[in-house]
Amino acid sequence: MTHPVDPEVARAHADVVDLFRRSPGALNEVCRAARDRLGAMPVIDPYDSRTWNSYALITADIETLLGYLREAGVPSSEPVNFRSLLIRVLYYLYLSEKSQTGVLLAELVHSDWELRLGPSHTSTIDVTERLAACVHAQGESDGARTLFERVLELRSERFGDNAPDTLLAACNLGSCLNQLGEYRAAFGLNKGTAERCRQQLGKDHETTIATTENLAASLFGRGWYRTALSLYQDSHQRRRRVSGEDALATLDTEASIAITLDRLGRHKAAQAVNAGLLPRFERVAGKEYSGTRDTRMRLVSNLRALGRHEEAEEVHGGIPKYGSRTPGAGQGAARQVFAWQRLNPRGEGESH
């Protein structure tokens, strides 16, 4: 389903275009006016895929405007609502699998904010985290690890080890270690982080749920599939309650359940999960979304394992017999963790 652009976003876009077309002022004055107009838009949620067409238009405006801001010497680091908008755009780019653009924008913004705000400013740390997530989504896990470690260090120094944003940073690093296949180190970090999250944030906090899923992925990577399945199932129930039945994070956790069931040889149970999951992924994020494609591949694999070859061909005729993705491996699974920092109305993290 194609969702319309939010009317407030469309109006802001038209106003910015009009500013550059008609304003008689100097470039720096026009840039400030355009920056402030975009920053004044109402906050829309980048976690909701129904807003992605709106964010696509915002991103196009931001890409153009950042070039002009740089040319005119106008900072992108002020006002605060424009900083918050940029962070939300970077969340959108990661979530919607446009991380290549996310890396380019995050690097540009990071260099400006590091110079103007300093490397330990909360917004600079936030954009470093967004850069790390997009770098990771590009398959550069070693580079992402260095960035995530830096974010964790800075937040620990600024907020303390048990602050919400620090725990999120530890959660992200734990996921990155899973992606690198360092399951023993990841297990130790994720186990400790999960315990601290439960104590400090509660069992239903999104960072607690994400860290629990990281721990499940570490267990999966070490071959402890039954324990991993139990954790995934518990997290799925919490996801449904906290985020909703069809939130992307909920669907991703359900996909991890299907993968683990398949690894345990429970092909019929995995097939049932994937059969229910496929139309929901298509409805929420579209047929070309990685979660949708991966679920289709898993469903075909399940059907073939059950000897139901004609049904497998009906799901996706002629698809090769691929194996299922390991939970915690690849961009789809990473989305569970790196995306889930809820923003307050200013678009900033909880510890600020």
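Analyst: Rings of Phe, Tyr and Trp, the last by its six-membered ring, pair if their centres lie within 6.5 Å. In this predicted model, that rule gives 7 aromatic pairs.

User: Happy to start there! What makes Trp 52 and Tyr 289 an aromatic pair, and why is the pair called tilted?

Analyst: Their ring centres are 6.2 Å apart, and the limit is 6.5 Å, so they pair. The planes meet at 40°; under 30 degrees would be stacked and over 60 edge-to-face, so tilted is the class that remains.

User: Which parts of the chain does this pair tie together?

Analyst: Trp 52 belongs to helix 3 (residues 52-72), while Tyr 289 sits in the loop between helix 13 (267-285) and helix 14 (290-305), so the pair joins parts 237 residues apart in sequence. Both Trp 52 and Tyr 289 are buried. Ring pairs also link Phe 281 with Trp 52 and Tyr 289 in a cluster.

User: Nice. How do you know that Arg 130 lies over the face of Tyr 91?

Analyst: Arg 130 is 3.9 Å from the ring centre of Tyr 91. The distance limit is 6 Å, with a further limit of 35 degrees from the ring normal. Arg 222 likewise lies over the face of Phe 187, at 5.3 Å from the ring centre.

User: And why is Ala 255 called buried?

Analyst: Its relative accessibility is 8%, and buried means under 20%, so Ala 255 counts as buried. Ala 255 is part of helix 12 (residues 248-263). Leaving out residues up to four places away in sequence, Ala 255 touches Leu 277 and Arg 298.

Conventions:
Residues are numbered from 1 along each chain as its sequence is written. This is a predicted model: local features need pLDDT of at least 70, side-chain atom pairs count only at pLDDT 80 or more; totals for chains, interfaces and linings use all residues. Side-chain values use heavy atoms; hydrogens and water are left out. Helices (H or I, at least four residues) and strands (E, at least two) are DSSP runs, numbered from the N terminus. Buried means under 20% relative accessible area, exposed over 50%, partly exposed in between (1.4 Å probe, protein chains only). Contact means heavy atoms within 4.5 Å.
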